[in-house]
Structure formats: C-alpha cells, structure tokens
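The following exercises are set for a reader who meets this structure for the first time. Please examine the sequence and the model before reading the solutions.

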Amino acid sequence: MATINFGGVEEQVVTREEFPLEKAREVLANEVIAVIGYGVQGPGQSLNMRDNGFNVIVGQRKGKTYDKAVADGWVPGETLFEIEEALEKGTIICFLLSDAAQIELWPTVKAALKPGKSLYFSHGFGVTYKEKTGIVPPADVDVFLVAPKGSGTSLRRLFVEGKGLNSSFAVYQDASGNARTKAIAMGIGVGSGYLFETDFYKEVTSDLTGERGTLMGAIQGIFAAQYEVLRENGHSPSEAFNETVEELTQSLMPLVAENGMDWMYANCSTTAQRGALDWWKPFHDATKPVFEKLYNSVKSQEQAEISITRNSQSDYREKLEVELAELRESEMWQAGKAVRSLRPERS
Ligand SMILES: NC(=O)c1ccc[n+]([C@@H]2O[C@H](COP(=O)([O-])OP(=O)(O)OC[C@H]3O[C@@H](n4cnc5c(N)ncnc54)[C@H](O)[C@@H]3O)[C@@H](O)[C@H]2O)c1
Ligand SMILES: CC(C)(O)[C@@H](O)C(=O)O
Ligand SMILES: [Mg+2]
Ligand SMILES: [Mg+2]
C-alpha cells in the first residue's frame with residue numbers, strides 16, 4: 001500500500017505500480033472469473049479483464065444483451081453461457097445484475113457457491129441491506145467488492161485509451177485468508193486507476209449519496225433551475241443551454257478535471273472569478289440541507305427501500321423509460337441535442 005496525503009489526511013491506497021498487472025494475473029491464475037450480467041458494468045469489466053489476459057466467462061440470459069455479448073466476441077458454449085452454467089463453471093462469481101435483480105437470482109447464485117469459491121460485487125448494496133435482499137453469503141466463500149467510481153461504459157472507454165477509473169475495494173468475508181489480495185487483483189484486472197479501501201456499508205452509503213447528489217441528481221436539478229430562470233427572463237434556448245450546460249461540459253469541467261477548481265477559475269476572467277467566489281457560498285448554504293436530508297434518507301435505508309420496491313416491479317424498465325424520455329424531451333435537453341449536433345467535430 002502506498003501512503004498518500006489527501007488534503008492533509010493520510011490514506012493507504014493501492015497503485016498499479018505496486019500491484020502490477022502481472023501480479024494480478026499470478027494471483028488469479030487458477031480462477032475462472034464468471035461475470036454474471038451483461039448490462040453496464042458487465043461488459044466494461046469482462047472485456048477489460050479479457051484484454052488483460054484473465055480467464056473470463058460471461059453468464060447472461062438470452063435476449064438483447066446476450067446478443068450484445070456475442071457481438072463483443074464472447075463465444076456461446078466457450079466463453080458465454082446461460083447464467084446457471086456460468087455459475088457452475090466460475091470460481092469467482094461476479095454478481096453484476098442490477099441490485100434489484102440480484103434479489104431474485106440470489107437463491108440460484110447461493111446454490112452454486114461451493115466452498116472455496118468467491119463472490120464478487122461492485123456495490124455494497126446486496127449484503128448491507130441483507131434484511132431487505134435476503135443476500136447472506138455462505139460462511140465458506142470469500143466475499144469482496146470492487147466498485148469502479150464511474151459508469152461501466154467509461155471504464156471500458158478509458159481502458160481502451162490506456163487510462164483507468166479509480167475504484168474502491170472492500171472485503172466482507174475472508175474465508176480463504178486471501179480475499180483481500182484477490183479483491184485487489186480483481187480491481188487491477190478490471191482496469192482501475194488506483195484502488196482505495198472501504199467497507200460494504202461505507203461504499204453503499206457514499207455511492208447512493210453521490211449518484212443522487214452532485215454526480216447525477218443535484219446536477220440536473222441545478223441545470224434545470226438556472227435554465228428556467230434564464231428562459232423566464234427572455235433568453236433564447238441556445239443562450240440558456242450554452243450558459244448552463246455546454247460551456248461547463250466542453251470548456252470548464254475539463255479544466256477542473258485537469259488541475260482543480262482554482263485552476264479553472266484562474267482561466268476565466270477576473271469578473272467571472274469575483275462572481276463565482278462570491279456566489280459559491282450561497283449555493284453551498286442553500287444546498288447543504290438538501291444533502292443532509294439525502295444522506296439521512298440513505299442512512300435510514302429509505303433510499304434502498306425505494307430502489308428495491310421500484311426496480312422490482314415487472315414494468316420498471318418501461319416506467320424508467322417514460323421518466324428518461326421526459327428529461328430527453330424537455331426543452332433544455334432538446335436544445336442540448338441541437339447544440340451537440342452543431343459541434344464542429346460532429347458536422
Ligand atoms: N452501471 C454502472 O456503471 C455501475 C457502476 C458502479 C457499480 N455498479 C453496480 O454494478 C452492479 C451491476 O449494475 P449494472 O448497472 O451494470 O446492471 P444493469 O442494470 O445494467 O443490469 C445488468 C444485467 O442484469 C440482467 N438482469 C436484470 N434482471 C434480471 C433477472 N431478473 N434475471 C437475470 N438477469 C437479469 C440484465 O439482463 C443485465 O444484463 C450493481 O450492483 C450496480 O450497483 C454499476
Ligand atoms: C456510475 C455510478 C453512478 O457511479 C454508479 O454508482 C451507478 O450506480 O451506476
Ligand atoms: Mg451506484
Ligand atoms: Mg457509483
């Protein structure tokens with residue numbers, strides 16, 4: 001583990017330098033890694049591990065995503081199987097169904113978890129909320145997680161570009177005495193940048209907060225609020241969208257990603273800097289109570305309950321699609337579609 005100072009707090013992290021790919025391959029040399037589910041994380045993780053030289057198979061029920069797996073080069077009967085068969089063959093079972101679907105499939109997975117096998121998650125959800133999910137792994141298997149901090153789509157894209165997303169890792173159960181090393185090896189194998197250690201509870205609590213907060217929920221809320229105010233005051237959709245979203249994603253966020261917020265500020269006018277420095281605090285004060293409410297809702301397991309109830313309904317996909325279409329068809333995102341089509345690299 002490397003000791004890194006994160007803003008004055010020292011943490012132990014695993015880097016690719018100290019745990020190189022060759023070591024990960026050695027640790028997992030005798031394992032058959034069965035990736036169960038080929039939705040978003042399934043493709044990213046399985047393809048990265050395959051390209052990294054691991055022994056990987058995919059278990060996916062027949063349908064559109066099964067066909068996608070075939071198109072991605074997984075070979076039926078050789079590296080692509082029905083879920084039950086992949087569970088049988090795998091020694092490390094990567095449970096990458098949606099969190100709600102994991103509940104339904106758990107009895108099947110549990111039956112396949114013979115002593116000595118490992119159960120791998122990319123989220124602390126299933127076991128942390130075991131009273132709601134029924135996911136209680138047998139005592140004689142290793143249970144660990146690697147949670148890439150980003151979409152499986154980005155995990156794959158960055159890997160292909162020779163980059164990597166950071167991931168957290170955690171051990172829930174160490175039956176073999178080697179669970180932690182296996183978890184780290186998996187983390188390196190799926191294409192992580194650096195790995196930081198957590199536990200299942202902290203992973204699920206921070207992850208549910210982040211995605212409902214700044215990463216996804218809050219950002220859309222703030223975009224919508226500013227766009228509406230600009231439109232209500234007579235600004236065109238083009239002006240409102242550019243001033244709310246396009247400039248952020250195309251110009252300013254890449255600068256933040258490169259070198260931090262002060263660097264982005266420093267590359268804007270002194271007029272903009274004065275305003276931003278004055279206004280970030282009122283925005284902070286206005287939103288902090290919402291974040292507190294959100295965190296408490298995660299902590300009380302209300303968010304887990306909502307997620308399980310809503311995503312276990314037989315028509316949840318159709319309902320999600322209606323809500324996504326509402327976003328897509330809103331004036332702001334339709335304006336965005338037009339703006340994107342006008343980017344020079346797209347024309
Ligand atoms: N989406 C991400 O990028 C992301 C990022 C980090 C962690 N995670 C975690 O990774 C895990 C997988 O998430 P995901 O978003 O990749 O999943 P997903 O929603 O894309 O679903 C994955 C697969 O589940 C299958 N499935 C759904 N219901 C099923 C059922 N009843 N029986 C059999 N198969 C079924 C689907 O066919 C699909 O292939 C979750 O624990 C999630 O929280 C996801
Ligand atoms: C990609 C995210 C938001 O980080 C992940 O947590 C998810 O649930 O999809
Ligand atoms: Mg999540
Ligand atoms: Mg996340």
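Each exercise below consists of a task and a solution in steps.

The model is predicted: local features require pLDDT of at least 70, side-chain atom pairs count only at pLDDT 80 or more, and totals for chains, interfaces and linings use all residues. Residues are numbered from 1 along each chain as its sequence is written, while chains are lettered from A and ligands numbered from 1 in the order in which they are written.

**Exercise 1. The two domains**

Determine the bounds of domain 1 and domain 2 and describe the contact between them.

Step 1. The assignment places domain 1 at 2–199 and domain 2 at 213–346; such bounds come from an automatic or database domain assignment.

Step 2. Between the C-alpha centres of domain 1 and domain 2 there is a distance of 30 Å.

Step 3. In the contact, 7 residues of domain 1 meet 7 residues of domain 2, where contact requires C-beta atoms, placed from the backbone, within 7 Å.

Step 4. On the side of domain 1 that touches domain 2, helix α5 (residues 99–112) gives the most, with 3 residues. Helices (H or I, at least four residues) and strands (E, at least two) are DSSP runs numbered from the N terminus.

Step 5. By class, that side of domain 1 has 4 nonpolar, 1 polar and 2 charged residues. Here Ala, Val, Leu, Ile, Met, Phe, Trp, Tyr, Cys and Pro count as nonpolar, Asp, Glu, Lys and Arg as charged, and the others, Gly among them, as polar.

**Exercise 2. Helix α10**

Establish whether the length of α10 agrees with the expected span, and find what the buried residues of α10 pack against.

Step 1. The expected span of a helix is 1.5 Å times one less than its number of residues.

Step 2. Because each residue counts for 1.5 Å, the 13 residues of α10 should span 18 Å, and the end C-alpha atoms are 18 Å apart, in agreement.

Step 3. F200, E203, V204, T205, D207 and L208 are the buried residues of α10. A residue is buried if 20 or more other C-beta atoms, placed from the backbone, lie within 10 Å of its own, exposed if 12 or fewer, and partly exposed in between.

Step 4. The packing partners of these buried residues are α6 (125–128), β8, β9 (165–173), α14 (270–299) and α15 (302–311).

**Exercise 3. D207, E211 and ligand 2**

Explain why D207 is classed as buried and why E211 is classed as partly exposed, and relate both residues to ligand 2.

Step 1. An unreviewed UniProt entry lists D207 and E211 under "binding site". UniProt positions are given in the numbering used here, feature names are shortened, and annotations may be inferred rather than shown by experiment.

Step 2. D207 lies in helix α10 (residues 200–212), and E211 is found in helix α10 as well.

Step 3. D207 is buried because 20 other C-beta atoms lie within 10 Å. E211 has 13 such atoms within 10 Å and is therefore partly exposed.

Step 4. Not counting residues up to four places away in sequence, D207 touches H123 and A147.

Step 5. Ligand 2 is surrounded by G150, S151, D207, E211 and L215, a residue being near a molecule or strand if its C-beta atom, placed from the backbone, lies within 6 Å of it. This shell divides into 1 nonpolar, 2 polar and 2 charged residues.

**Exercise 4. The shell around ligand 1**

Which elements supply the shell around ligand 1?

Step 1. Of the 23 residues around ligand 1, G37, G39, V40, S98 and A101 come nearest.

Step 2. At least two residues of the shell come from each of α2 (41–51), α5 and β8 (142–148).

Step 3. With 4 residues, α5 has the largest share of the shell around ligand 1.

Step 4. The classes in this shell are 9 nonpolar, 11 polar and 3 charged residues.

**Exercise 5. The position of E247**

Is E247 buried or exposed?

Step 1. E247 is found in helix α12 (residues 237–259).

Step 2. E247 counts as exposed because it has 12 C-beta neighbours inside 10 Å.

Step 3. Leaving aside neighbours within four places in sequence, E247 is in contact with N242 and L252.
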